Amino acid sequence: MDRQLLYLVLLFIVGCGEGEKKESNIFFAGEIVNPTDSKVFLYKGDAVIDSAALDEQNRFAFSIDSIEDGLYHFNHYPELQYVYLERGDSLMMRLNTIDFDESLIFSGKGEEINNFLLELFLSHEDEADLIRELYRLEPTDFTDKIDSLQEIKLDELAKLVNENKISEKKEKVAKASIVYNYNTFKEKYPFKHKWLTGAQKIVSLPTDFYSYRKNLTFNDKDLTYLRPYYNFMNTLVGNMSFMSCYGDCGEGNEAVRNRLHFNKHKLKLIDSLMQEKELKDNLFRFVAFDYLLKAHQDSEKNNEEFIEEFHRLSNNNRHMDEIDALYESIKNMQPNKRIPDVLVSDVDGNQVSLKQIASKNNKTVFYFWSGTNRSHFDNLRKRVAYLSHSKPNYSFVGINLKTTEPVWKTMLETSGLDKSLQYRAVDVDNLSKSLIIDKLNKCIITEDEIIVDAFANVYESF
Ligand SMILES: [Zn+2]
């Protein structure tokens with residue numbers, strides 16, 4: 001789930017001249033150089049619309065009819081990108097997974113606006129360092145700089161609109177990806193400014209600092225899955241909850257520091273502000289995951305109170321099953337609970353449970369790796385070699401999540417790891433959810449099958 005946040009996501013708008021005859025189907029095809037998976041999936045929101053296998057030339061093609069015009073995304077594991085599809089489109093793309101965003105090229109109908117949005121996205125990335133410096137400025141200077149950066153992008157969009165006569169809906173989405181991006185920086189400003197300048201207090205802001213807030217839309221389905229829009233809403237919820245709590249709930253930071261209290265502010269705010277159902281559900285879900293994944297720091301009573309409040313405000317949430325399952329897993333992974341009976345297989349293909357593995361040793365550390373990130377694995381095996389030497393009373397047990405069996409075995413051969421302590425997940429999804437694998441360097445420490453710390457870190461906990 002955290003991976004969603006790490007992805008560089010990108011919106012592509014596929015242009016379609018207004019004067020052209022509209023066909024009902026959409027053709028979307030492309031080539032993936034250095035593929036990292038055998039398929040490409042097409043999503044609308046979080047639902048799979050279609051999938052296409054890569055052929056021998058690493059090409060794929062979708063031919064789709066009867067889907068609505070709008071924002072989609074395609075996923076070539078582990079990367080995903082946005083694509084705007086409209087009936088009558090005939091879109092080609094090419095990318096190299098080694099340099100995903102920078103290598104991406106779209107051609108066919110609407111290539112102009114695609115390239116525009118690609119450049120827009122990459123320039124937002126390039127601007128990150130500059131924005132970081134701008135946060136140090138006083139509020140009025142900061143606003144001026146941000147507004148002028150935004151103005152440049154809006155002028156470029158206006159030019160494109162004039163030249164290509166793109167549809168209003170596409171223009172709306174493109175404009176939102178500019179405006180919400182820059183407004184997010186303003187929502188972050190008070191906190192970043194305080195942090196970077198080392199100020200004692202949050203700087204006081206001119207009354208018109210958040211003037212754009214009166215033009216926000218909370219009820220537009222076309223924007224729900226637009227990343228800059230979603231990021232903005234999430235930041236807005238954090239900022240407004242902080243400010244109201246800071247101002248209304250007593251002196252200083254005490255109330256804000258109480259996670260249960262503060263997250264209840266967020267739930268209430270989302271409930272009162274957001275209108276579009278999926279946006280609202282997604283923002284609620286984010287708060288639940290953010291709270292629950294750190295819930296091991298809180299008492300069981302607080303967690304229960306949180307989940308009750310969540311059900312009260314968002315009982316028909318489309319992610320409710322997933323959130324309840326996470327809550328259950330969190331409860332099962334508390335200290336002094338027995339390690340769950342999740343199955344893994346050893347190098348000879350025998351299935352064993354984590355409990356059986358943990359029972360063989362007094363103190364066991366389970367760590368996890370996927371194999372898709374080579375440098376992560378190299379660093380991890382060095383770390384494990386060091387720890388095995390410096391902490392001889394622990395057994396360090398590796399669990400691979402995603403590598404195919406032959407590749408996994410080959411990687412183990414050259415890794416220098418003790419193969420008798422290496423396993424592969426049988427059901428990755430079940431294992432990830434039961435053990436709450438939300439971080440790359442997470443590890444689980446057990447003693448005599450009993451959990452000591454299920455939220456430990458290979459680099460920080462020893
Ligand atoms: Zn409060």
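Is Q200 buried or exposed? Keep that in mind as you open the structure, which is a predicted model, and select Q200 to begin the tour.

**Stop 1: Q200**

You will find Q200 in the loop between α5 and α6. Count its surroundings: 6 other C-beta atoms lie within 10 Å, so Q200 is exposed, since a residue with 12 or fewer falls in that class. Now add L269 to your selection. Q200 and L269 are 69 residues apart in sequence, and from C-alpha to C-alpha they are 27 Å apart in space.

**Stop 2: the helices on either side of that loop**

Next, select residues 168–197 for helix α5 and residues 227–248 for helix α6. Two packed helices are described by the angle between their axes and the distance between the axes. Here the angle is about 25° and the axes are 8 Å apart. The two helices α5 and α6 are therefore roughly parallel to each other, because angles under 35 degrees count that way. Their crossing is left-handed.

Show the side chains where α5 and α6 touch. From α5, pick A176, S177, Y180, N181, N183, T184, E187 and K188; from α6, pick P228, Y229, N231, F232, T235, L236 and N239. Colour this contact by class and you should see six nonpolar, seven polar and two charged residues.

**Stop 3: another helix pair**

Move on to helix α8 (residues 259–273) and helix α10 (residues 300–314). They pack at an angle of about 5°, with 11 Å between their axes. That makes α8 roughly parallel to α10. On the α8 side of the contact, select L260, N263, K264, L267 and D271; on the α10 side, select N302, E305, F306, E309, F310 and L313. By class, the contact of α8 with α10 has five nonpolar, two polar and four charged residues.

**Stop 4: hairpins**

Time for some strands. Strands of a sheet pair through backbone hydrogen bonds, either parallel or antiparallel. Select β2 (residues 39–44) and β3 (residues 47–53), an antiparallel pair held over six bridges. Within this pair, look for Y43, which stands opposite V48 in β3. Two residues lie between the strands of this hairpin, and G45 takes a positive phi near 60°.

Now follow β2 to another partner, strand β5 (residues 70–76): three bridges join them, and they run antiparallel. Click on F41 and look across to N75 in β5, its bridge partner.

From β5, step along to β6, which a hairpin of two residues joins to it. β5 and β6 are antiparallel and pair over seven bridges. Y72 is a good residue to label here, standing opposite V83 in β6. Strand β6 (residues 79–85) is mostly covered, with five of its seven residues buried.

**Stop 5: a sheet of four strands**

Select β4, β1, β7 and β8, in that order, to see an open sheet of four strands with mixed pairing. β4 (59–65) and β8 (105–108) stand at the edges with a single partner strand each, so one side of each has no neighbour in the sheet. Turn the view and compare strand directions: neighbouring strands of this sheet are turned by 20° against each other on average, direction ignored.

Inside this sheet, focus on β1 (residues 25–33) and β7 (residues 90–96), which pair in the parallel sense over seven bridges. Label I32, and you will find L95 of β7 opposite. While the side chains are on, remember that in a regular strand they alternate between the two faces of the sheet.

**Stop 6: a sheet of seven strands**

What is the order of strands in the open sheet of seven strands? Trace β10-β9-β13-β12-β11-β14-β15, which has mixed pairing. At the edges are β10 (351–353) and β15 (450–457), each pairing on one side only. Neighbouring strands of this sheet are turned by 35° against each other on average, direction ignored.

Zoom in on β14 (residues 442–447), which is antiparallel to β15 and pairs with it over five bridges. There, K442 stands opposite N457 in β15.

For the last selection, choose helix α13 (residues 374–390), which lies across β11 (363–369) and β12 (394–400). Helix α13 runs at about 170° to β11.

How values were computed. Residues are numbered from 1 along each chain as its sequence is written. This is a predicted model: local features need pLDDT of at least 70, side-chain atom pairs count only at pLDDT 80 or more; totals for chains, interfaces and linings use all residues. Axes are lines fitted to C-alpha atoms, for helices over the stretch in contact, and angles run from 0 to 180 degrees between N-to-C directions. Angles under 35 degrees count as roughly parallel, over 145 as roughly antiparallel, 65 to 115 as roughly perpendicular and the rest as oblique. A crossing is left-handed if the near helix is turned anticlockwise from the far one by less than a right angle, and right-handed if clockwise. Two residues are in contact if their C-beta atoms, placed from the backbone, lie within 7 Å. Ala, Val, Leu, Ile, Met, Phe, Trp, Tyr, Cys and Pro count as nonpolar, Asp, Glu, Lys and Arg as charged, and the others, Gly among them, as polar. Two strands pair if DSSP finds at least two bridges between them. A residue is buried if 20 or more other C-beta atoms lie within 10 Å of its own, exposed if 12 or fewer, and partly exposed in between; C-beta atoms are placed from the backbone.
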